[in-house]
Each structure stands twice: as structure tokens, then as C-alpha cells.
Amino acid sequence: KWVERTGPGGFYGVYLLFCTNPRFRGRVYVGFTVDPVRRLGQHNAGKRRGGAWRTSGRGPWEMVLIIHGFPSDIAALRFEWAWQHPHASRRLSHVTRRASREPQFRFHLRVLSHMLRVPPWSRLPLTVRWLRQEYRQDFLPGLEPPLHMPVAFGGIRKVKRGQKENSHLSQCFECREQHDGPPLRCFHPTCPTATHAPCLAQSFLQGEPEHLIPVEGHCPGCQNLVLWGDVIRHYHGCYGDLEEGPVSSSQGHWADDLQQ
Ligand SMILES: [Zn+2]
Ligand SMILES: [Zn+2]
């Protein structure tokens with residue numbers, strides 16, 4: 001269970017749709033997905049093709065923003081719910097209600113910026129990704145996402161994985177035991193350190209044992225300070241210029257994907 005909460009999972013995203021139909025223009029919709037491209041197609045195809053009833057017949061919708069990097073589908077679904085119902089969440093009791101002149105889109109960005117700055121979400125290795133440049137807005141001063149959450153631009157595409165040598169862990173640097181699945185690896189070029197996800201999380205959390213998910217720590221091999229989110233993003237193949245590939249349900253589990 002602990003592994004599920006700290007280890008790298010598949011692609012879990014919470015997105016914001018913007019309605020471009022002139023009759024309903026300005027409406028927004030918050031949803032959860034493991035496959036953003038397919039999900040947007042469903043919304044625009046209507047409810048008989050799997051779209052939500054609130055978006056059915058009101059398209060076309062644009063997916064303008066997605067938050068990804070959640071450690072599990074449950075974590076992402078809780079985030080989705082709070083973003084949809086900010087005034088029902090005690091974590092967001094300081095967020096004022098939408099004034100009638102405040103556009104829905106602005107309001108949802110305001111709620112989002114508060115959400116990213118309060119626990120439990122403020123500790124997650126999330127990425128804030130603008131999918132459509134023309135909708136991009138700056139976060140309000142003082143309400144920017146935490147420094148460990150990158151703000152990214154552009155679509156999400158699948159990354160072909162073929163690094164066989166990355167698929168097997170010879171020995172975990174922390175516990176010295178072997179493991180069947182692919183390890184977390186330090187991304188510093190000359191550092192060979194590989195660990196189990198829970199072992200590295202435990203090492204990073206030595207100073208704050210009350211938490212389950214680390215924010216940053218020193219690589220046990222090269223001692224460089226690294227962000228937990230960067231280690232996870234590196235694991236997913238999207239560190240640097242590469243982009244994260246969503247894992248669609250038809251592709252099976254992420255571990256299968258890595259071992260191809
Ligand atoms: Zn280990
Ligand atoms: Zn290292």
C-alpha cells in the first residue's frame with residue numbers, strides 16, 4: 001500500500017475543458033482521465049460515445065489545461081472532486097466564492113492556484129501543463145504553484161520506451177536487495193544509483209517522517225539534491241525535453257509498457 005502511495009504510477013490527469021460553442025461560450029468542465037486525447041474525443045462526440053452529460057451537445061470543447069503526476073488514480077480523483085466542489089472542501093475554506101462578473105474560467109484557475117499551495121496537494125510531484133497556448137494565463141502574484149511543480153506547455157504525446165538496461169534493478173542502493181520491476185534511477189549523468197521507490201522515499205523523508213510523499217532529498221549515491229518529482233518524471237521518460245506519455249487502458253499496466 002505504501003508503494004502505491006509513493007511509487008510511480010501510470011498517467012493520471014485532471015483537466016479543464018473550455019467550451020467554444022458560441023451559445024455556451026465560457027463554460028468550463030473539470031474531469032479526470034488516464035488518456036487525455038481519447039477523453040477529449042469522447043466529450044466532443046456526446047454522451048452516447050462516453051462523454052459526460054454536462055458536456056454532451058454543447059461542444060466543441062477544448063482541453064486547455066491538465067494537471068498530471070498524481071501518484072494514483074484515487075489521488076487524482078480526490079483532486080478532481082475538490083476542484084469541482086471547492087466550497088465543500090475544508091482545505092479550501094479560504095477561497096472566496098465566484099462573483100457574478102468573474103468568468104468561470106478565471107474562477108477555476110483561482111481555485112486551482114489555491115489547491116496547489118495547500119496540503120495534501122502542495123507536496124505532490126505535479127506538473128501544470130497548458131495544452132493550448134492561447135488560453136494560457138499567468139498565476140496571480142503570491143498564488144504561483146510551489147517551486148517543485150513545473151509549469152509546462154504543449155501537448156502530451158506517447159514516448160516509445162525501449163531502454164532494456166533500465167528495466168532491471170541489479171541491486172537497490174538503499175536496501176541492497178534485488179527487485180523484479182524497473183528501479184528509480186538518479187538522473188545525474190555519471191551517477192549509477194538505482195533504488196526501489198519506497199526505499200528512496202524513505203531516505204528522502206528521514207527529516208520529516210510524518211509525511212508519506214517526499215518533496216526533495218539527496219541522492220544516496222552522488223549526494224546531489226534532487227526533487228522527488230524530477231526522479232519520478234525521469235522514470236516516466238519525460239525529464240528534460242521529453243514529454244510524458246499517457247498510458248491508455250488498452251495498453252495495460254505501466255510496468256508492461258516499460259518492459260517491452
Ligand atoms: Zn530497496
Ligand atoms: Zn545520484
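# Exercises on a predicted model

Over residues 160–165, pLDDT stays under 50, and the model has four contacts beyond four places in sequence for this stretch. The model is predicted, and the exercises begin with confidence.

## Exercise 1. Confidence along the chain

Task: state which helix has the lowest confidence and which element has the highest.

Solution.
1. Begin with the chain as a whole: the mean pLDDT is 81, and 80% of the residues reach 70 or more.
2. Then go to the elements. Confidence is lowest in helix H7 (residues 254–259), with a mean of 32. It is highest in H4, at 96.
3. Look at the stretch 239–260: pLDDT stays under 50 there, and the model has 44 contacts beyond four places in sequence for these residues.

## Exercise 2. The order of the sheet

Task: give the order of the five strands in the open sheet and find which strands stand at the edges.

Solution.
1. The order is S2-S1-S3-S4-S5, with mixed pairing.
2. S2 and S5 are the edge strands; each has a single partner strand, so one side of each lacks a neighbour in the sheet.
3. On average, neighbouring strands are turned by 25° against each other, direction ignored.
4. Now take the pairs. S1 and strand S2 (residues 28–33) run antiparallel and are joined by six bridges; one of the residues involved is Val-14, whose bridge partner in S2 is Phe-32.
5. S1 also pairs with strand S3 (residues 61–68), antiparallel, over seven bridges. Here Cys-19 has Trp-61 of S3 as its bridge partner.
6. S4 and S5 run parallel and are joined by three bridges. Val-128 has Val-151 of S5 as its bridge partner.

## Exercise 3. The two faces of S1

Task: decide whether the residues on each face of S1 are buried or exposed.

Solution.
1. In a regular strand the side chains alternate between the two faces of the sheet.
2. Sort the residues by side: Gly-13, Tyr-15, Leu-17 and Cys-19 lie on one, and Val-14, Leu-16 and Phe-18 on the other.
3. A residue is buried if 20 or more other C-beta atoms lie within 10 Å of its own. The residues on both sides of S1 are all buried, and both faces are covered.
4. Seven of the seven residues of S1 (residues 13–19) are thus buried, so the strand is largely enclosed by the rest of the structure.
5. Look for helices on the sheet. H2 lies across S1, S2 and S3 and runs at about 145° to S3. H4 packs on the sheet as well, where it touches S1 and S2, and its direction makes about 45° with that of S2.

## Exercise 4. Nonpolar cores

Task: find which residues of the largest nonpolar core touch the most other members.

Solution.
1. In soluble globular proteins, nonpolar side chains tend to be buried together.
2. The largest nonpolar core has 34 residues, and Val-14, Phe-79 and Trp-83 touch the most other members.
3. The elements giving two or more residues to this core are S1, S2, S3, helix H3 (73–84) and helix H4 (104–115).
4. Follow Trp-83 beyond its neighbours within four places in sequence: its contacts are Val-14, Val-30, Val-111, Leu-112 and Met-115.
5. A separate second core has 16 residues, among them Ala-194, Cys-219, Val-226 and Val-231.

## Exercise 5. Helix H6

Task: say which residues of H6 are buried and what covers them.

Solution.
1. The buried residues in H6 are Trp-228, Gly-229, Val-231, Ile-232, Arg-233 and Tyr-235.
2. That is six of the eight residues of the helix (residues 228–235), so H6 is largely enclosed by the rest of the structure.
3. The cover over these buried residues includes S6, helix H5 (197–204), S8 and S9.

## Exercise 6. Backbone exceptions

Task: locate the cis peptide bonds joining Gly-59 to Pro-60 and Pro-119 to Pro-120, then place Arg-176 and Gln-223.

Solution.
1. The bond between Gly-59 and Pro-60 is cis, with omega about 0°. Pro-60 is in the loop between helix H2 (36–45) and S3.
2. Omega is also about 0° for the cis bond between Pro-119 and Pro-120. Pro-120 lies in the loop between H4 and strand S4 (127–130).
3. Arg-176 is not a glycine, yet its phi is positive, about 70°. Its loop lies between strand S5 (151–153) and strand S6 (184–185). Arg-176 is exposed, having 8 other C-beta atoms within 10 Å.
4. Gln-223, also a residue other than glycine, has a positive phi near 70°. Its loop joins strand S8 (216–218) and strand S9 (225–227). With 11 C-beta neighbours inside 10 Å, Gln-223 is exposed.

Methods
Residues numbered from 1 in each chain as written. Chains lettered and ligands numbered in written order. Buried ≥ 20, exposed ≤ 12 C-beta atoms within 10 Å, placed from the backbone. Helix = DSSP H or I, 4+ residues; strand = E, 2+ residues; numbered from the N terminus. Pairing = 2+ DSSP bridges. Core = buried A, V, L, I, M, F, W, Y, C linked by C-beta atoms within 7 Å. Contact = placed C-beta atoms within 7 Å. Axes fitted to C-alpha atoms, helices over the stretch in contact; angles between N-to-C directions. pLDDT = per-residue confidence, 0-100.
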